[in-house]
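User: Could you take one part of this model and look at it closely, then connect it to the rest of the chain? I am in my first year, so please explain each term when it comes up.

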Amino acid sequence: MTSVALESIVAIDGQQRLKRLGAACVVLFVCVVALYVTGFFDAQRFIEGGPAIQQLASEMVPPNFERWEHWVIPLRDTLAMSIAGTALTVLASLPLALVAAPNTAPNAVVGRIVRTILAAFRSVPEIILGILFVAAVGFGALPGVLALALHSTGMVAKFYAEAIEHVDPKPLEAAKAAGASRFQVITHAVLPQVLPQLADITIYRWEYHFRASAVMGVVGAGGIGFELMAALRLIKYDEVSAILLSILICVLVVDGIGSALRKHLK
């Protein structure tokens, strides 16, 4: 390798380093501006809030588990909401993802329309959807399940579509050349390649759904969130801390199950 070629490689590497450094500086600047706009650098607010935080902490410790029997059914409902919401999400997301992915969409226009619909789904927070579904179908776990499923469909279908978009095109071309129908191409050439990724996405979303389900009760959509909101309204912060610890234990169990499922599927 000549010295000129070596100098050219070093110069190109230096330019790439400068570009990466510039991009990092831009990201850092944007983050600092966002922190400033939200008041993070207002030390006076932190100082004034210190006594209130200390008072809350003193009222939350020790946790009060006297009413733990009343939390078993809501925790069960929260778990059921997370599972049901995940099941509905998968049922809705897979066909939508196949239509949204460019390599499996019927045509570009339909794919763009579906991707826009998915963006609309995930742009509305599930707690807002929970309020709307409570107004539509009444209190209980059902509006929570519907809210979780609708919001998550926008997110999960997007992840599914991205996984489908990046499959190896050679099996698809071979299946089409052999005269396979569109359905056969999907079932024999697309899905076998992406099933492990889809399973990972689904398990992660189930873990998220349990945490989100715990909040849905705040708007009357069932689950342990209803008990949490009741304790907050009655200013029983020792019960609040106990409920939060119960939710934490359940979240750890769900995360452990999710990790075991991912290892089993690998």
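Analyst: Let us begin with helix H3, which bends by about 30° at Ser93, with a proline, Pro95, following within four residues. The bend at a residue is the angle between two axes, one fitted to the seven residues ending there and the other to the seven starting there. A helix here is a DSSP run of H or I with at least four residues, a strand is a run of E with at least two, and these elements are numbered from the N terminus. Before going further, please keep in mind that this is a predicted model, in which local features need pLDDT of at least 70 and side-chain atom pairs count only at pLDDT 80 or more, while totals for chains, interfaces and linings use all residues. Residues are numbered from 1 along each chain as its sequence is written, and side-chain values use heavy atoms, with hydrogens and water left out.

Helix H3 covers residues 69-100, which makes 32 residues, and the distance from its first C-alpha to its last is 46 Å, close to the 46 Å expected at 1.5 Å a residue. That expected span is 1.5 Å times one less than the number of residues in the helix.

Thr78 lies in this helix, and Thr78 counts as buried because its relative accessibility is 0%. Buried means under 20% relative accessible area, exposed means over 50%, and partly exposed lies in between, using a 1.4 Å probe and protein chains only. Leaving out residues up to four places away in sequence, Thr78 touches Phe210, Ser213, Ala214, Gly223 and Ile224, where contact means heavy atoms within 4.5 Å. One of these partners, Gly223, is 145 residues from Thr78 in sequence, yet the two C-alpha atoms are 4.5 Å apart in space.

Some of these partners appear again around Ile247, a residue of helix H10 (residues 237-265). Apart from neighbours within four places in sequence, Ile247 is in contact with Phe210, Ala214 and Ile224, and Ile247 is itself buried, because its relative accessible area is 12%. The link back to helix H3 can be followed through Trp71, whose C-alpha is separated by 9.9 Å from that of Ile247, although the two residues are 176 apart along the chain. For the region around Ile247, the UniProt record (an unreviewed entry) lists "transmembrane region" at several spans, including residues 241-261; such annotations may be inferred rather than shown by experiment, feature names are shortened, and positions are given in the numbering used here. In the model, residues 241-261 are 100% helix and 0% strand, with end C-alpha atoms 30 Å apart.

Helix H8 (residues 182-216) includes Glu207, which is buried because its relative accessible area is 6%. Not counting residues up to four places away in sequence, Glu207 touches Val254, Asp255, Gly258, Ser259 and Arg262.

Helix H6 (residues 141-165) can be compared with its expected span: its 25 residues should reach 36 Å at 1.5 Å a residue, and its end C-alpha atoms are 35 Å apart, which agrees. Helix H6 also bends, by about 35° at Thr153. Pro143 is found in helix H6 and counts as buried at 0% relative accessibility.

Stepping back, the protein chain has 10 helices and 0 strands, and among contacts between residues at least 6 apart in sequence, 74% join residues at least 24 apart. Its radius of gyration is 25 Å, whereas a compact globule of 266 residues would have one near 18 Å; this radius is taken over C-alpha atoms, and the globule rule is 2.2 Å times the number of residues to the power 0.38. Buried residues make up 32% of the 266 residues, a group that includes Thr78, at 0% relative accessibility.
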